[in-house]
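Colleague: I should like to request a close look at a single part of this model, with a description of its surroundings. Please explain it in terms suited to a first-year student.

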Amino acid sequence: MRFWKRIVLVLLALVAVCLLLNAIPIHDKLVVGYTTNNKETRTLADYHEAEITYHRHPRSVVAMASDSSNNRQCDMGSCFDYSRCEDGFKVYVYPQVEEANLSPIYQQVLRAIRNSKYYTAIPEEACILVPSLDTLDRDKLSKDFVKDLPQKVAQLDHWNHGTNHLIFNLYSGTWPDYVENIDFDTGHAILAKASLSTSSYRPGFDVSLPLFPRSHPDRIGQPGAIEMYKHTFPLKRPYLTAFKGKRYTFGKGGEVRNSLYHLNNNRDVVLLTTCRHGNDWTKHQDNRCKGDNELYDKYDYKQLLINSSYCLVPRGRRLGSFRFIEALQSSCIPVSMSNGYVLPFSEVIDWSKASINVDERQLLQVVHMLRNLPEDQLLLMRLQTQFLWDAYFSSVESIVLTTLEIIRQRIQPHLSNSLTAWNTYPGGLLTRPEFSTSLADFPFFSNPIERLSNQGFTAVIEITGPPASTSLVKLIKTLSQTTRLKKIVLLSNGHHIEAVQLPNVHTPIVIEGRSRIIGSPSSYSWPLAQLITDGILSLSDDMILHSEEAEFGFDVWQHHPDRVVGFVSHTHHWDTYNGRWYYSTTVDNQYSVILTKPAFFHKYYMYMFDNMMPRSAKEMIAQTGHCEELGMNFLISSVTKKAPLKLINKHQKPVASGLVNQWQACINAFTSIFGIMPLRHSMLRVDPSLFKDNVSILRKQYRKLEIL
């Protein structure tokens, strides 16, 4: 009898194991358990190799018979008409129908497109068309849900079964299943969608968006935590990992959130959940809710984020979560636990440098994994979160422009950025492939000093007085004494200059007849075709600059090619009494502006001024005729997040009060246009070695600078 009892027990155990295995979702890939040895040092790459994502979850992905937008056969070759894009990449936004109510967030999306350089008001010349029908929220229980959307979309003049159309969506599905169905046939349209799963994502066709809240900033978002709180160090924050959010006791929700309490130790692992959501949450509360809610209320969410090294981002009702970009902003490395989730902009962003993906079924191992990650990569990943936040996620505008740029690169692959450009500061939106496809041609990346030195520099001289004046002739002769001057470009500004009027020097001189006309923004452009070097020395013809000053300035600029390096400094400060920015030309130890005449800067900033400067800023410059130098400082500082560099204290001279008043008006106008005050203060002044030291003049490289 005992023998048969044992047989029965063994059979029952086998049946239980089979039932347990059947309860585990079947995935397209096998999951391999990952263990670590405390005596071994695991690299981050080891953990990424251990990541396993699955493609289909039978309990969460429901067949979408009514939504043919997820046609797996659609790609850029079969569902896109390239002939519409032969004249360039232009984006058209349909006129808003009077009865169509647009949510504030979708209005921001459309505004970002209209304000972009890609916008066109002519549908026939558009490569991409965007409906003015609010498709962002397809949750039927939402106040922003648009009824009868299928009929309205089908009536669009240029719909053509969705070909070359772009559909934006943040929320799909509704309670209780929250499937990805957006409840209308998108046809051949490109879908830019949050919470995309690998089962519905069409690589190279759709775009995975971040899930962002309705309160997300329109144009300029808050800076990241490192910029806001100067919160880079200590390397290890008080909390190893943290989470604070809802858990779901009814309806569909992430099982991970319901299991987080197993890992919470209220010391360096703080994982808090609350049952309070919905109007009738008390009807569905379990025996943990009271204690969870009390602990939940003891911690401030933002303080948890900025004091944690890693932030858990488990899925909730949908695959995406607001916490992903909230963690990025807080320089807290997101740990995504959402199987099958396509990370935002993963087509161009290398998320292995800024986030960690963990299979949901490895929840109980995640703390051990985080404790064993190498510390030397922690700071690098934290800095990368700040770059990604600032470049692509800080505002609705940056998210929309990133989406458009990804699509443009598919259509114009010969003008596409490398993944290095996308994942290195300042990012793919500011590193324009139309300027160059070689990173060495930009000021932001590591340029060997020898390359810049061998190139030399080009002097661009603006004519402000009589042509071929004595001061201009003297300036040309002086500059030509330096061997690293490769070319002189004269901006004649309507003045007629004959070559015979210019001095006979060994340096080539080119006369550019372009005129700067007050009130004409298009006339304020640079002769890029004439510039043969990366380094530019910008001057006006009434300036006196010694050859050694030019040599020294170029030497300094080679080490800082991303900055303005010059001689004349001004500053600014906030005028509390009048509630505006105050511009000061008084010589001070602190400065934030270096006038670009005379100054060295990179040729790429001339391209940015011509092609990427906000339209209203250029109109302001053209209207005043005197704010170009200030506008260039705004542009460069907004890109580099750095202050300019001041050289030896010379060339400072009194400024007419009328000009100061114009600069005063411009600095406040530019701040409004850019949305921020990008100018940075500095107290650094760069002098030559042994400058004014009591040593023999023969020991000094720049011997004449002290007596000029």
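Modeller: In this predicted model, strand 4 (residues 166-169) and strand 5 (residues 190-194) run parallel and are joined by four bridges. Within this pairing, N169 of strand 4 stands opposite K193 in strand 5. The side chains of strand 4 can be followed one by one. In a regular strand, side chains alternate between the two faces of the sheet. In strand 4, L166 and F168 point one way, while I167 and N169 point the other way. The residues on both sides are buried, a term that stands for under 20% relative accessible area.

Burial can also be followed in a helix. Helix 12 (residues 396-411) has 16 residues, and 15 of them are buried, so the helix is largely enclosed by the rest of the structure. From its first C-alpha to its last, helix 12 reaches 23 Å, which is close to the 22 Å expected at 1.5 Å a residue.

The interior also contains empty spaces. A search of the whole structure finds eight cavities of 30 Å³ or more, and the second largest has a volume of about 70 Å³. Its lining includes F243, K244, Y301, L312 and R323. Strand 7 (239-246), helix 8 (301-306), strand 9 (308-314) and helix 9 (323-329) are the elements that give two or more residues to this lining. By character, the lining residues of the second largest cavity divide into nine nonpolar, two charged and no polar.

Terms used
Residues are numbered from 1 along each chain as its sequence is written. This is a predicted model: local features need pLDDT of at least 70, side-chain atom pairs count only at pLDDT 80 or more; totals for chains, interfaces and linings use all residues. Side-chain values use heavy atoms; hydrogens and water are left out. Buried means under 20% relative accessible area, exposed over 50%, partly exposed in between (1.4 Å probe, protein chains only). Two strands pair if DSSP finds at least two bridges between them. The expected span of a helix is 1.5 Å times one less than its number of residues. On a 1 Å grid over the protein atoms alone, a cavity is a set of points where a 1.4 Å probe fits but cannot get out, and a pocket is an open set with protein on both sides within 12 Å along at least five of seven lines; lining residues have an atom within 4 Å of a point. Grid points are joined across faces, edges and corners, and a volume is the space filled by probe spheres set on the points. Ala, Val, Leu, Ile, Met, Phe, Trp, Tyr, Cys and Pro count as nonpolar, Asp, Glu, Lys and Arg as charged, and the others, Gly among them, as polar.
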